[in-house]
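User: Could you take a close look at the place where the two chains meet, and walk me through it from the side of chain B?

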Amino acid sequence: MNRQEAIEVIMTTIGAQDAVVSTTGLISREIFEKFDSERNIYVPGSMGLTSSIGLGLTMAQPTKRVVVIDGDASLLMNLGSAVTIGNKQPTNLLHIVLDNESYASCSEERSMSNTAKLDSLAGEVGYQYVRTADSQDGLKRAIMEFGRGPGFILTKIELGGRRDFRRPLELAAIKSRFMLFFTRQNTRRLTMMFKGKTIFNASFDVFAETYHSVRPGYPAQLYADIKELCGLDSASRLLEIGAGSGIATVELAKLGGKIVAIEPGSHLATIARKQTKGLQNVGILEGTFESFESSDRFDAILAFTAYHWIDEGIKHRKVLDLLDDAGSLVLVWNSFFLSDSAVTAEVNKAYSEYLPDAYPSESSVAEVNEGVLAKLHRREQEVVQNSLLYTVALRKYYTACNYNAETYPKLLNTFPKVVEVPEEQRKKFFARISEIVGRHGTIVVPVLTTLIVCKKKSGFLHAIANPKGGK
Amino acid sequence: MNQSNKYVFNALAGDRSEKADLLHGVFRKLGVNFASGVPCGVLRHIIKNFEDDAAMLHVIANRESEAVGITAAAYFGGKIPVVYIQNSGLFSASNDIASLLIPYRMPIFFVVSYRGCEGEDAVQHLTTGRATERLLESFGLPFEIFRNQNLENLTRSLFEAMLKAELPTFLLLKRGWHR
């Protein structure tokens with residue numbers, strides 16, 4: 001495998017939403033010429049800092065996956081960075097080193113990676129996922145199997161290949177588009193959330209953008225767990241309900257199966273199509289789950305913070321009809337809690353002061369959190385207690401998200417109860433919130449992700465009674 | 001601890017600096033939420049405040065270049081970062097400032113301890129001490145030396161200059177600045 005082949009495998013295998021940091025010299029120049037995109041940041045100077053930049057990105061945006069494409073000499077130039085990464089444990093970092101044992105971008109002088117066991121070293125300093133690859137298939141597999149980081153893939157490549165690539169020159173412009181890409185965070189569903197409410201239709205697209213930028217996504221481990229718990233492979237058929245703008249869809253596509261994703265909002269469906277463009281295994285359908293018809297049976301039906309919006313009367317029955325007898329229903333919710341802090345106390349006070357109709361009395365952190373948990377518990381119980389389903393897994397993932405004076409009001413503006421307040425009143429409230437958060441610098445929002453995997457009860461009993469093989 | 005002043009961080013430590021606490025409060029007001037650097041005795045109060053503040057993402061780096069890379073990325077990711085280093089380290093990270101921060105036009109605030117000035121007792125600091133201001137001048141980067149001016153006003157105006165210029169910007173602190 002040469003550099004060109006390795007870069008092609010990497011850039012076509014990693015997720016469409018992953019950010020890419022590439023090192024000095026030919027690696028950056030080849031990626032710039034062939035795979036330039038808003039998600040790329042090139043490190044044309046400051047050789048060696050690629051992995052430090054990767055680390056900083058994962059810390060600033062813990063829900064975004066960051067792929068670092070490094071070289072052996074560049075890694076050796078800033079080897080201490082591997083120790084820092086091992087210490088900080090960014091689960092969303094994948095560090096790929098293209099190792100040709102040379103300073104290939106200069107005149108192919110020998111580096112010293114030939115006598116160093118860089119993969120062992122990565123494991124010793126604390127990388128959680130370490131692989132070596134010396135073929136295109138091996139590299140592809142190593143990237144696809146990556147779940148929880150920090151990850152390290154030592155990729156052995158041969159010297160040689162084209163050298164006459166253009167250089168990235170307009171760095172300030174590359175910075176601007178990268179920052180836009182990077183802060184335009186994971187998405188959530190909008191029309192499902194606000195169906196029946198015409199208030200947003202006028203400025204829907206603007207609002208959808210805001211939604212993108214502030215709602216946190218789902219942890220990488222969640223997707224790995226879904227794959228394992230449902231036994232998904234490239235032959236699996238998946239149905240996603242309420243795909244929103246397709247952020248979870250893109251992650252699900254990486255699991256390998258064929259996906260039909262339904263989204264009732266036409267704007268969101270358009271965004272989802274754009275996000276999944278080029279993914280052969282994804283189809284986006286505009287429409288409601290309630291009206292969805294198919295003769296296919298699915299191995300998994302999945303809903304990300306969406307299941308509670310489906311018509312109560314028909315949803316379980318419809319799921320059972322569409323699910324293969326051995327299939328899985330996968331339900332995920334993000335719940336937003338309050339952190340016990342001075343800034344939260346002031347924000348809570350502002351609710352009752354500025355939005356007295358919606359929030360007549362001031363609530364304590366404990367009361368609000370109990371309420372959030374109670375709502376989540378009701379949603380879980382609805383599934384767990386259903387007599388036609390059998391829950392085989394219930395998992396929790398905890399993330400603390402940081403918001404500032406600009407992003408926190410935007411986050412609040414995605415919560416239905418706040419959204420229903422008249423605009424004039426909402427504006428004053430947001431100005432006050434912005435002032436409070438600005439004074440404190442940051443507000444931490446604890447997010448609890450819940451995963452439930454269940455089977456058809458009949459299918460589960462059949463599988464129990466007919467074990468494959470035996471001990 | 002004085003509960004009415006939320007920016008008092010070192011009140012319980014024996015070695016406390018009101019100036020460092022004030023500076024930290026100014027950073028908070030300016031939205032700073034990320035810090036990385038390499039420790040230096042002259043900056044110990046500043047580093048302790050970063051470390052003790054739960055709202056601050058803080059990475060102690062192995063070398064100054066690493067801190068430059070990490071904070072550049074923090075800025076890409078929407079954070080407002082500060083780098084703290086000694087002026088000796090300013091020289092070792094100078095190419096990273098020149099080849100990463102300047103061409104990408106990154107407004108990153110540096111707090112730099114200024115060794116090798118009058119009264120310096122360590123010979124290893126003399127050459128870099130003499131060259132520090134000239135290095136920053138030759139790079140065309142904004143900087144100020146703290147000489148007991150109003151620290152809040154000085155920091156705020158430097159921060160504003162930094163955002164306007166979109167360039168790394170430096171506050172130089174000499175030994176004893178914190179008293």
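Analyst: Let's start with the charged link: the rule finds one salt bridge across the interface of chain B and chain A, meaning a side-chain nitrogen of Lys or Arg within 4 Å of a carboxyl oxygen of Asp or Glu. A:Lys175 makes a salt bridge with B:Glu166, and their closest N and O atoms are 3.5 Å apart.

Which elements of chain B touch chain A? Those giving two or more residues are α1 (18-29), β2 (57-60), α3 (64-76) and α5 (94-101), with helices (H or I, at least four residues) and strands (E, at least two) taken as DSSP runs numbered from the N terminus. α3(B) gives the most, eight residues.

On the wider count, 32 residues of chain B are in contact with 34 of chain A, contact being heavy atoms within 4.5 Å. The two chains bury about 2700 Å² between them, 60% of it on carbon and sulfur atoms; that is the accessible area (1.4 Å probe) lost on being put together, summed over both. B:Glu66, B:Phe76 and B:Tyr104 lose the most area in chain B, together 25% of what that side buries.

A couple of ground rules: this is a predicted model, where local features need pLDDT of at least 70 and side-chain atom pairs count only at pLDDT 80 or more, while totals for chains, interfaces and linings use all residues. Residues are numbered from 1 along each chain as its sequence is written, chains are lettered from A and ligands numbered from 1 in the order in which they are written, and side-chain values use heavy atoms, leaving out hydrogens and water.
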